[in-house]
Amino acid sequence: MICRHQLTVWSQMGVERVPDKYVLRRWNKNVKRVHTKIRINYDNSSTSIEARRHDNMCNLFNEVADLAEDSQEKYDKVMARLLELKDNSFSIGDGVLPSKESTNILDPVTLRRKGRLPSKRKVGVVEKIGKKKKETKKKTLSNEKAKV
């Protein structure tokens with residue numbers, strides 16, 4: 001741990017940059033925190049063997065990704081090896097990889113507006129009277145047309 005006394009000595013000696021061996025990785029602003037990768041588990045599947053295997057692989061993949069993200073060359077090597085491993089080790093028949101077929105996932109049914117549907121809403125007295133008058137007019141017009 002660096003104390004203020006060391007900092008004052010370094011400043012008096014003209015050291016403008018703290019040596020890397022004194023700076024812990026977790027103090028950097030750009031470090032990826034492990035707590036952001038915590039899996040939320042609502043059921044008790046974390047006790048299964050598959051879940052533990054998955055967690056172990058994810059932890060190792062995260063470590064490799066942290067090491068390889070610094071340079072493009074390391075990134076390319078890791079990606080090439082992972083793709084090679086994926087292509088050579090697993091086949092679709094094993095049931096490991098999901099099938100490429102997709103099903104259409106439809107949007108949920110949405111209402112056009114809030115409240116009751118127009119067919120189920122309560123109708124006021126004035127509206128009932130108006131509707132009856134319109135129906136009687138339609139009937140009389142249709143009867144007149146039928147007679148002609």
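**Close-ups of a four-helix chain**

**View 1. The structure holds one aromatic pair**. Its partners are W10 and Y22, and the pair is tilted, with 5.2 Å from centre to centre and 55 degrees between the planes. W10 belongs to helix 1 (residues 4–13), while Y22 sits in the loop between helix 1 and helix 2 (49–68), so the pair ties together parts that are twelve residues apart in sequence. Keep in mind that this is a predicted model.

**View 2. Here are the two partners, one at a time: are W10 and Y22 buried or partly exposed?** W10 has 15% relative accessibility, so W10 counts as buried. Y22 has a relative accessible area of 31%, which makes Y22 partly exposed.

**View 3. Now for the cysteines: how many disulfides are there**? The count comes to zero, going by a rule that asks for two cysteine sulfur atoms within 2.5 Å. C3 is partly exposed, at 34% relative accessibility. C58 is partly exposed too, with a relative accessibility of 28%.

**View 4. Stepping back, the chain has four helices and zero strands**. Follow the sequence along and you get the pattern α-α-α-α. Of the contacts in the chain with a separation of 6 or more, 20% are between residues 24 or more positions apart.

**View 5. Last, a look at the surface and what is buried.** Just 3% of the 148 residues in the chain are buried, and W10 from the aromatic pair counts as buried. The accessible surface of the chain is about 15000 Å², and carbon and sulfur atoms account for 56% of that surface.

How values were computed: Residues are numbered from 1 along each chain as its sequence is written. This is a predicted model: local features need pLDDT of at least 70, side-chain atom pairs count only at pLDDT 80 or more; totals for chains, interfaces and linings use all residues. Side-chain values use heavy atoms; hydrogens and water are left out. Rings of Phe, Tyr and Trp (its six-membered ring) pair if their centres lie within 6.5 Å; planes under 30 degrees apart count as stacked, over 60 as edge-to-face and the rest as tilted. Helices (H or I, at least four residues) and strands (E, at least two) are DSSP runs, numbered from the N terminus. Buried means under 20% relative accessible area, exposed over 50%, partly exposed in between (1.4 Å probe, protein chains only). Contact means heavy atoms within 4.5 Å. Accessible areas come from the Shrake-Rupley method with a 1.4 Å probe; for residues, only the protein chains shown count as cover.
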